[in-house]
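Trainee: Could we go through this structure together, one question at a time?
Mentor: Happily! Have a look, then ask away.

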Amino acid sequence: MDLVALQNWLDNVSFAVLFLTMLLYWTSAAFPKIPYLQILGSTGMGVANLCIAALLGARWIEAGYFPLSNLYESLFFIAWGITAVHFLAENMSRSPLVGVVTAPVAMAITAFAALSLPAQMQVSEPLVPALKSNWLMMHVSVMLLSYAALMVGALVAIAFLVITRGQEIELKGSSVGTGAYRTAKYRLRKSEEASTHSATHSGAMASPSIAPPTASVSNGAGGTAVLNSVSDTATAKPSVPLSPQRLSLADTLDNISYRIIGLGFPLLTIGIIAGAVWANEAWGSYWSWDPKETWALITWLVFAAYLHARITRGWQGRRPAILAASGFLVVWICYLGVNLLGKGLHSYGWFF
Amino acid sequence: MTSQNSFTAKVINIREIISDYFRKELIPLLADLRLAILLLLTIALFSVSGTVIEQGETLSFYQANYPEDPALFGFLSWKVILTLGLDHVYRTWWFLALLILFGSSLTACTFTRQFPALKAARQWKFYEQPRQFQKLALSAELESGSLNALPSLLKQKRYRIFQEGNKLYARKGIAGRIGPIIVHASMLLILAGSIYGAMTGFFAQEMVPSGETFQIRNIFDAGPWAEPQIPKDWSVKVNRFWIDYTPDGTIDQFYSDLSVLDQAGQEVDRQTIHVNKPLRHQGVTLYQADWAISAIRVRVNNSPFLQIPMAQLDTGGQGRVWGTWIPTKPDMSEGVSVIAKDLQGMLLIYGMDGQLVGTVREGMSTEVNGVTLAIAEVVGSTGLQIKADPGIPLVYTGFGLLMLSVMMSYVSHSQIWALQSEDGSLYVGGRTNRAQVAFEREMVEILDQVQLKET
């Protein structure tokens with residue numbers, strides 16, 4: 001089989017599928033009543049993920065090394081990473097809003113790689129001596145996966161910022177455990193109130209059918225059903241029954257963004273350290289303030305600041321989310337912007 | 001006597017003031033998370049400046065690129081850059097001071113926040129009153145549930161369970177409380193290791209032709225206490241340097257065959273190094289970093305083989321070429337220029353008029369100006385980067401711990417309390433510090449199953 005022709009076919013297909021997926025997710029967010037749209041969207045994302053995996057696999061067979069040596073390959077790897085982390089985030093949040101923000105970014109990356117990169121930059125080329133090392137796979141793949149995770153986390157934070165615009169939000173979930181306690185106005189409510197409260201609370205954020213992403217847990221009958229199942233026992237009791245206070249859509253998005261960034265951050269740490277150890281083994285210095293290195297550190301510092309902002313009084317609410325959202329830009333500068341400077345060790349196999 | 005007393009009293013007083021200042025002012029300030037966030041973002045911002053402004057260039061470079069009038073953005077002239085040290089951001093006193101402040105903040109934070117938090121997590125208490133459950137967001141009152149249904153459910157979900165009569169406490173993911181402490185400790189270890197390395201290590205570069213022996217002399221960067229690291233009792237012989245090329249002419253790999261010789265000239269170690277595979281000897285590491293053409297060995301007619309040095313020619317950044325001049329008449333009134341651009345063995349020969357006369361390959365000969373020019377060998381020289389860094393073990397330990405602990409820090413510390421009250425109803429409540437969404441799902445599932453067991 002002609003691997004090159006297969007690759008050319010696969011890169012266009014993954015772009016087309018992602019474009020369609022994006023439209024599906026957007027329609028499902030705009031018209032939540034149309035059934036199956038979210039499932040179709042997820043399917044599209046899965047197909048795109050497999051197409052890109054097959055594309056990279058074909059490259060690996062063709063070139064004989066892990067395909068991470070030029071811009072085209074790394075773009076597709078990062079698009080693959082975004083689709084993979086998308087599934088994680090979607091599965092954790094059970095909200096179609098994740099796809100609304102991840103699909104366009106994955107689509108844009110594949111579009112750039114497949115359509116606007118000149119053909120001579122798409123072909124697989126032999127590795128330069130400095131990259132001939134097993135560290136290449138370890139360092140570059142972990143770095144790109146961390147970029148993918150951080151981007152998805154930042155995108156979900158952007159979605160959070162959009163749906164909470166103009167609202168005061170208190171955060172749930174941070175390493176000191178703020179938010180695990182009942183908010184004052186929900187303390188000691190009756191079961192009737194409990195269900196209506198939570199419905200209006202989340203209903204204010206979005207239309208009803210996307211509102212109960214966390215509520216379809218047990219019997220699948222919508223947000224109030226779960227609460228009823230708990231409060232059934234409680235209604236028999238005339239006094240003040242206690243039932244779980246559920247997370248709203250905003251809470252969920254915020255927490256998923258935090259968890260995904262929390263996953264990207266260790267990956268980034270490990271990737272940077274792998275790069276440092278490789279540099280020390282190959283060139284004799286684990287840190288040389290090369291622009292790419294420095295920007296990876298800057299990305300690390302920005303997300304470290306985000307993780308700390310969440311546990312700081314007076315810094316909760318939308319501020320950490322703004323920090324996370326600006327992290328999206330920082331990741332892009334680190335990934336592509338630095339190469340515009342065109343110096344340092346990381347300019348191998350890139351464009352300018 | 002009294003003055004002596006008042007003096008000691010004063011000293012004690014000053015001591016108290018200082019220790020008070022540390023306890024009440026300085027440490028809380030250093031441990032303030034807002035300071036930590038500010039430091040993280042400030043270090044990030046100054047790091048950006050070092051990637052935008054060219055680092056370590058000459059004075060004339062900055063004068064040419066950052067003129068005083070018009071200054072970039074109205075203020076960024078070469079004078080400002082040099083005064084602030086923006087030409088070497090990462091080595092300025094203020095950047096290093098920021099890093100030290102960052103280290104102090106890390107230390108203060110570990111002691112005033114993280115250890116107490118871990119202690120609190122380990123010293124859990126049973127909840128003995130139903131009202132204690134009211135403050136938890138995820139708590140429920142089950143009218144007829146049984147406490148005995150919980151342990152098996154919680155065990156399935158990998159909780160560690162403590163039970164005493166009608167009270168139950170379960171927890172998992174305490175690693176998530178320990179992780180951040182080790183993260184901070186390993187960052188301190190990396191900072192300490194890098195400072196120690198900068199003080200006691202050195203960097204050197206040597207360009208050595210194939211076949212020659214050298215001692216490490218060309219040190220371009222050394223810490224104030226680097227002297228003991230610089231090797232004096234051994235030298236290195238470059239047995240051979242060569243480049244492997246791919247079939248289409250691009251470089252595949254650089255190799256240097258090196259021997260370490262002791263003072264008597266005896267070989268104590270021999271290794272072939274290439275990029276990504278250095279040679280280590282007594283704490284000093286030699287890396288393959290660069291290369292050049294040092295000489296050609298030629299024979300003119302029946303002369304013996306002569307080694308003639310090649311010099312790198314200025315091409316204005318258009319790639320690297322080396323050249324030399326070979327006389328073709330005994331009185332040196334005529335000769336040819338020989339040019340090489342790599343070690344693949346092809347040489348270009350130019351005549352007196354600057355015109356290309358011909359080419360010759362390594363091991364072949366050619367006729368020019370009526371003489372036979374035989375090229376025996378193009379001799380390469382290897383560019384070695386040499387360094388010693390005694391801080392490496394510390395830094396690597398920090399790296400290892402950091403990787404481990406940053407993964408531990410992803411774990412969410414979840415706690416669940418349960419109480420069977422005297423009137424028979426079961427109170428269950430819980431909280432977690434990171435994974436709110438996943439924990440909510442887990443709690444609801446547990447509550448559902450407890451009820452299922454009842455009915």
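Trainee: Which residues does A:M151 touch, leaving out those up to four places away in sequence?
Mentor: Keep in mind that this is a predicted model. A contact here asks for C-beta atoms within 7 Å. Setting aside residues up to four places away in sequence, A:M151 touches A:I82, A:V105, A:F328 and A:V331.

Trainee: Which helix gives the largest share of the largest nonpolar core?
Mentor: The largest nonpolar core has 172 residues, and A:M151 is among those with the most contacts inside it, along with A:F76, A:A148, A:V152 and A:V156. The largest share of this core is 18 residues, and it comes from chain A's helix α9 (residues 249-282).

Trainee: How many residues are in the other core, the one with B:V338?
Mentor: That core lies apart from the largest one, and B:V360, B:V368 and B:V379 are also among its members. Its count is 19 residues.

Trainee: Which strands stand at the edges of the open sheet of five strands in chain B?
Mentor: The strand order is β13-β14-β15-β16-β17 in chain B, with antiparallel pairing. An edge strand has a single partner, so one of its sides is left without a neighbour in the sheet. In chain B that describes β13 (311-313) and β17 (356-361).

Trainee: Which residue is the bridge partner of B:Q312 in β14(B)?
Mentor: β13(B) pairs with β14 (residues 321-327) of chain B in the antiparallel sense, over three bridges. In β14(B), the partner of B:Q312 is B:W322.

Trainee: Is chain B compact or spread out?
Mentor: For 455 residues the globule rule gives 23 Å, while the radius of gyration of chain B is 36 Å. That is well over the rule, so compared with a compact globule chain B is more spread out.

Technical notes
Residues are numbered from 1 along each chain as its sequence is written. Chains are lettered from A and ligands numbered from 1 in the order in which they are written. This is a predicted model: local features need pLDDT of at least 70, side-chain atom pairs count only at pLDDT 80 or more; totals for chains, interfaces and linings use all residues. Two strands pair if DSSP finds at least two bridges between them. Helices (H or I, at least four residues) and strands (E, at least two) are DSSP runs, numbered from the N terminus. A nonpolar core is a set of buried Ala, Val, Leu, Ile, Met, Phe, Trp, Tyr and Cys residues joined through C-beta atoms within 7 Å. A residue is buried if 20 or more other C-beta atoms lie within 10 Å of its own, exposed if 12 or fewer, and partly exposed in between; C-beta atoms are placed from the backbone. Two residues are in contact if their C-beta atoms, placed from the backbone, lie within 7 Å. The radius of gyration is taken over C-alpha atoms; the globule rule is 2.2 Å times the number of residues to the power 0.38.
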